[in-house]
Amino acid sequence: MCKDMSPVEAAIQFHGHICPGLLMGVRVAEFALNKLGVGPDVNEELVAVVETDSCGVDAIQAILGCTFGKGNLIFKDYGKNVYTIASRENGQAIRIAQKFRSSHTPESQRYRELVRKGSLTEAEAAEKEELIGLLFEQLMSTPFEELFDWKEIDFEFPPKARMHATVQCVLCGEGVTDIKATETAQGPVCPGCLAENGGR
Ligand SMILES: [Zn+2]
Ligand SMILES: [Zn+2]
């Protein structure tokens with residue numbers, strides 16, 4: 001995170017826009033830093049397991065420094081606003097789950113309506129702008145426990161990011177990480193070629 005930016009600014013810059021989902025992620029990230037008593041990650045200190053791939057995850061990346069590239073962002077494709085954040089330093093982990101309909105205020109419903117609509121009239125665009133301001137106030141000031149359930153959990157830390165050998169796929173000739181390649185009679189085959197060739 002850039003040192004002279006607030007967490008919320010860092011998240012907005014990283015995500016490219018401000019939206020309710022991102023703000024929920026900001027709340028999660030700030031809560032996690034606080035509860036785990038650590039600063040933003042500099043060297044794989046924090047591990048995040050995210051069960052969604054929506055806006056909020058960008059706040060996790062921007063504020064907690066958990067990223068795919070560093071290997072400390074683990075994605076489970078469950079479609080749930082659930083985040084597990086763990087600290088290697090103190091071995092603590094917390095699981096944070098967004099409460100069902102926790103952010104369903106009349107303002108947020110109207111906001112979603114406008115987002116779904118896509119192309120907006122000038123008046124609607126202005127209304128959307130105003131709504132995001134209201135939602136910002138709401139989401140950043142609502143007590144955390146009204147938005148999320150959380151608990152400490154036991155957590156098995158994944159090994160730190162490791163380097164794997166690269167082998168050459170015998171079908172496309174491109175390199176592929178050895179653990180992702182399938183060994184065939186002809187030699188290693190990458191997942192892309194395996195899929196194209198119907199698993200042969
Ligand atoms: Zn967004
Ligand atoms: Zn291939």
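## Nonpolar cores and the α1–α3 contact

In this predicted model, the largest nonpolar core comprises 37 residues, and those with the most contacts inside it are A11, A48, I60, I63, L64 and I85. Two or more residues of this core come from each of α1, α2 (20-36), β1 (46-50), α3, β3 (82-87), β4 (93-98) and α5 (122-141). The most is given by α2, which supplies eight residues.

The neighbours of I85 may be listed individually. Leaving aside residues up to four places away in sequence, I85 touches A32, L36, L46, A48, L64, A93 and I94. Apart from the largest core lies another, of six residues, among them C169, V176, V189 and C190.

Two of the contributing helices, α1 and α3, also pack against each other. Helix α1 (residues 7-15) and helix α3 (residues 56-64) meet at an angle of about 120 degrees, and their axes are 8 Å apart. Because of this angle, which lies outside the 65 to 115 degrees counted as roughly perpendicular and is not over 145, α1 is oblique to α3. The crossing of α1 past α3 is right-handed. The residues that make the contact are set out by helix below.

| Helix | Contact residues |
|---|---|
| α1 | P7, A10, A11, F14 and H15 |
| α3 | D58, A59, Q61, A62 and I63 |

By class, this contact has seven nonpolar, two polar and one charged residues. A11 of α1 and I63 of α3 take part in the contact, and both are among the residues with the most contacts inside the largest core.

Conventions:
Residues numbered from 1 in each chain as written. Chains lettered and ligands numbered in written order. Predicted model: local features only at pLDDT ≥ 70, side-chain atom pairs only at ≥ 80, totals over all residues. Axes fitted to C-alpha atoms, helices over the stretch in contact; angles between N-to-C directions. Helix = DSSP H or I, 4+ residues; strand = E, 2+ residues; numbered from the N terminus. Parallel < 35°, antiparallel > 145°, perpendicular 65-115°, else oblique. Left-handed = near helix turned anticlockwise from the far one by under 90°. Contact = placed C-beta atoms within 7 Å. Nonpolar A, V, L, I, M, F, W, Y, C, P; charged D, E, K, R; others polar. Core = buried A, V, L, I, M, F, W, Y, C linked by C-beta atoms within 7 Å. Buried ≥ 20, exposed ≤ 12 C-beta atoms within 10 Å, placed from the backbone.
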